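User: I have a chain I'd like to talk through with you, starting broad and then zooming in on one part. Here it is.

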Amino acid sequence: QVQLVESGGGLVQAGGSLRLSCAANERIFAAYTLGWFRQAPGKEREFVADLLRNGGTAYLANSVKGRFTISRDKAKFTMYLQMNNLKPEDTAIYYCAAKPDTGTDFTSWGQGTQVTVSS
């Protein structure tokens, strides 16, 4: 069973910053690609960013490039999403997700953490 636990969401003013964390474990870090998705009210869930298992290659959605950074701490088995210059349109529930190396889809999900950006 893949367990992912997000934290770090909250309410922030436009232009502010938040850092989300996704706690995993050694097994997940060894065999899964981890990523972030978000879902705003009334909208489909969308990809935000992911980080290949080698930790060196990251992909970010165009809407967050230049503002968000994805990283991981191997010693803590934790992935982060640093979000700067937040905009009201970033308001959503943010989910941590894992994709097995043997698969093509993200199949395991955390419970989500709410991010609200006020204008």
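What percentage of the 119 residues of the chain count as buried? After that, please take a close look at the salt bridges: which residues are linked in a network?

Analyst: One caveat up front: this is a predicted model. On your opening question, 45% of the 119 residues count as buried.

Some background before we zoom in. The chain has 11 strands and one helix, and going from the N terminus the order is β-β-β-α-β-β-β-β-β-β-β-β. Its radius of gyration is 13 Å, close to the 14 Å from the globule rule for 119 residues, so the chain is as compact as a globular protein of that length. Along the principal axes, the C-alpha atoms fill a box of roughly 40 × 30 × 25 Å. The accessible surface is about 6300 Å², with 47% of that belonging to carbon and sulfur atoms. Long-range contacts are well represented too: taking contacts between residues at least 6 apart in sequence, 55% join residues at least 24 apart.

Now the charges. The chain carries 13 positive and 10 negative ones, and the mean positions of the two sets are 4 Å apart. Side chains of opposite charge can pair when their charged atoms come close. Here the count is three salt bridges, and the network you asked about links R38, E46, R67 and D90.

Let's walk through the network from E46. The side chain of E46 meets that of R38 in a salt bridge, at 2.5 Å from N to O. E46 counts as partly exposed because its relative accessibility is 34%. R38, by contrast, has a relative accessible area of 6%, so it is buried.

R38 also has a salt bridge to D90, this one at 2.9 Å from N to O. That pair ties together distant parts of the chain: R38 sits in strand β4 (residues 32–39), D90 sits in the loop between β8 (78–83) and β9 (92–100), and the two are 52 residues apart. With a relative accessibility of 1%, D90 counts as buried.

D90 then picks up R67, with the closest N and O atoms 2.7 Å apart. This is another link between distant parts of the chain, from the loop between β6 (58–60) and β7 (68–73), where R67 is found, to the loop between β8 and β9 that holds D90, 23 residues apart. R67 counts as buried because its relative accessibility is 8%.

For contrast, have a look at D50 in strand β5 (residues 46–51). D50 is buried but has no salt bridge. The nearest side chain of opposite charge belongs to K99, at 4.6 Å, whereas a salt bridge needs the nitrogen within 4 Å of a carboxyl oxygen. Setting aside neighbours within four places in sequence, D50 is in contact with T33, L34, G35, T57, A58, Y59, I70 and F106.

Definitions and conventions. Residues numbered from 1 in each chain as written. Predicted model: local features only at pLDDT ≥ 70, side-chain atom pairs only at ≥ 80, totals over all residues. Heavy atoms only, no water. Helix = DSSP H or I, 4+ residues; strand = E, 2+ residues; numbered from the N terminus. Buried < 20%, exposed > 50% of the residue type's maximum accessible area, 1.4 Å probe, protein only. Lys, Arg positive; Asp, Glu negative; His and termini not counted. Contact = heavy atoms within 4.5 Å. Rg over C-alpha atoms; globule rule 2.2 N^0.38 Å. Areas by Shrake-Rupley, 256 points an atom, 1.4 Å probe, with all protein chains shown as cover. Charge placed at Lys NZ, Arg CZ, Asp CG, Glu CD.
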